[in-house]
Amino acid sequence: GIGCGKPAGGSPPGGGPGGMAVQVVVAEAKVQPVTERLSMVGTIIPNEAIEIKSEIDGTLEEILFQEGQPVKPGDLLLRLDESKLKASLAEAEATFTLSQATLERLKTLQKSGSASQQEYDQAVSSFELNRASVDLKKRLLKDARILAPFAGVMGPRSVSPGQVIGKSALLGSLVAIDPVKVEFHVPERFLSLARVGQTIEIAVAAWPGEKFQGEVYFIGPQLDEATRTALVKARLPNREGKLKPGMFADLDLTLRVRENAVVIPERALVLQQTRALVYVVGTNGLAEPRTVQTGYRMPGQVEIIQGLAGGEPVIVEGTQKVFPGVKTRQGAAAMPSAAGALAVQDSPTNG
């Protein structure tokens, strides 16, 4: 009779001498450079950013910038009413001039013995006090003119001409966005691979399909205890102003490059409970299972760290029909639906 089970001591169906070969699709393991990247999300921040405030109270006389206008260091941005400050300075200078003349006179009188040391010391003290007062009034007058401390782009203004403002009132903002910075957090296990000078590449939702390159310049000296990550910062050129502070940045950090890595199609990998294996086709056409150690995964591909050499043929389609020692056949003209199959018989037969 005909049994349904596999004979205990016999060969598996199709695998014995004279049995039918199993049709498979085979690909060679390639040797190629593999760039290991760490993908994460960062935040774009300005290179420099300040809130513009006044150091003194006063009436806003003039606003000399337009919102969104590029400015250079030292450009005059706002001017407060200077009339009261000029009058106060003139008064201080007059008092200083008088104290200077008094000091010179007492210096001459002291030499002739007509003035006491106490009178002279009081004159010196008055002179120094009035000189400091003049310096202070000059500084206050200078503070009435607010200048750009660095090159950047003006943000929105918060005041209007003629408005009375108090000390530390917010008047506007200035940001420098060429270059911009991007901040991201690297997990502890990858921190040893990050380094200053490393190249990064980011993408933003506003410019799909476009990549922006930058360079790491800062790695935090300590980890965040809650997340066990380190703050890392990079600078990116932004001449066209496409990158705006506050944007999310999808970021790829290049961790390491292996020049001669063995790479196979991911579909060749057979995952079992405790191991990963591939089926290698020997020169005799027989399938040989090979336990492998996987490395970095890429779209549709996987790096093999151990267990496979470059150029070895691995089965990428038909692994579900294959077992150790089975005879394989790469492709068949009768089965054109097998994508990528080669229409080559394993060994020709004579009829």
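## Close-up views of a predicted model

**View 1. Strands β15 and β16 in antiparallel pairing.** In strand β16, T291 stands opposite L277. The model shown here and in the other views is predicted. Strand β15 covers residues 276-281, and β16 covers residues 287-298. The two strands are antiparallel and are joined by 6 bridges. They form a hairpin with 5 residues between the strands. In this hairpin, G285 has a positive phi near 85 degrees.

**View 2. The two faces of strand β15.** Side chains in a regular strand alternate between the two faces of the sheet. On one side of β15 are A276, V278 and V280, and on the other are L277, Y279 and V281. Are these two faces covered or uncovered? Both are covered, and each of the residues named is buried. The count for the strand is 6 buried residues out of 6.

**View 3. Strands β14 and β15 as a hairpin.** Strand β14 is made of residues 270-271. β14 runs antiparallel to β15, and 2 bridges join them. L271 has A276 of β15 as its bridge partner. Between the two strands of this hairpin lie 4 residues.

**View 4. A287 and its surroundings.** A287 belongs to strand β16. Why does A287 count as buried? Its relative accessible area is 3%, and the cut-off for a buried residue is under 20%, so A287 is buried. With neighbours within four places in sequence left aside, the contacts of A287 include Y279 and V280. Others are I315, V322, F323, P324, G325, V326 and T328. T328 is 41 residues from A287 in sequence, yet the C-alpha atoms of the two are 6.7 Å apart.

**View 5. Strand β13 and its pairing partners.** Strand β13 spans residues 248-265. Its pairing with β2 is antiparallel and extends over 13 bridges. In that pair, T35 is opposite V257 of β13. Strand β10 (residues 199-203) is also antiparallel to β13, with 4 bridges between them, and I200 stands opposite L253 in β13. A further antiparallel partner of β13 is β17 (residues 301-306), joined to β13 by 4 bridges. There, P265 has Q301 in β17 as its bridge partner.

**View 6. An open sheet of 4 strands.** The order of the strands is β6-β5-β3-β8, and the pairing is antiparallel. Which strands form the edges? They are β6 and β8 (164-165), each of which pairs on one side only. Strand β5 (residues 76-80) and β6 are joined by 3 bridges. L78 stands opposite I146, which is in β6.

**View 7. The largest nonpolar core.** This core has 31 residues, and I52, L77 and L78 have the most contacts inside it. Elements that contribute two or more residues are β3 (58-63), β5, α1 (83-112), α2 and β9 (170-187). The largest contribution, 6 residues, comes from α1. Apart from neighbours within four places in sequence, I52 is in contact with L77 and L78, and also with I146, M154, A169, L170, L171, G172, S173 and L174. A second core, separate from this one, has 24 residues, among them V180, V182, F190 and M247.

**View 8. The largest pocket and its lining.** The volume of the largest pocket is about 290 Å³. The lining is made up of 13 residues. Which of them lie nearest the centre of the pocket? They are K53, E55, R145, I146 and L147. At least two lining residues come from each of β2 (30-53), α2 (117-143) and β6 (145-147). β2 has the largest share, 4 residues. Sorted by class, the lining has 7 charged, 5 nonpolar and 1 polar residues.

**View 9. The protein chain as a whole.** The chain has 351 residues, of which 36% are buried. Its secondary structure consists of 2 helices and 19 strands. Of the contacts in the chain with a separation of 6 or more, 73% are between residues 24 or more positions apart.

Conventions. Residues are numbered from 1 along each chain as its sequence is written. This is a predicted model: local features need pLDDT of at least 70, side-chain atom pairs count only at pLDDT 80 or more; totals for chains, interfaces and linings use all residues. Side-chain values use heavy atoms; hydrogens and water are left out. On a 1 Å grid over the protein atoms alone, a cavity is a set of points where a 1.4 Å probe fits but cannot get out, and a pocket is an open set with protein on both sides within 12 Å along at least five of seven lines; lining residues have an atom within 4 Å of a point. Grid points are joined across faces, edges and corners, and a volume is the space filled by probe spheres set on the points. Ala, Val, Leu, Ile, Met, Phe, Trp, Tyr, Cys and Pro count as nonpolar, Asp, Glu, Lys and Arg as charged, and the others, Gly among them, as polar. Buried means under 20% relative accessible area, exposed over 50%, partly exposed in between (1.4 Å probe, protein chains only). Two strands pair if DSSP finds at least two bridges between them. Contact means heavy atoms within 4.5 Å. A nonpolar core is a set of buried Ala, Val, Leu, Ile, Met, Phe, Trp, Tyr and Cys residues joined through side-chain atoms within 4.5 Å.
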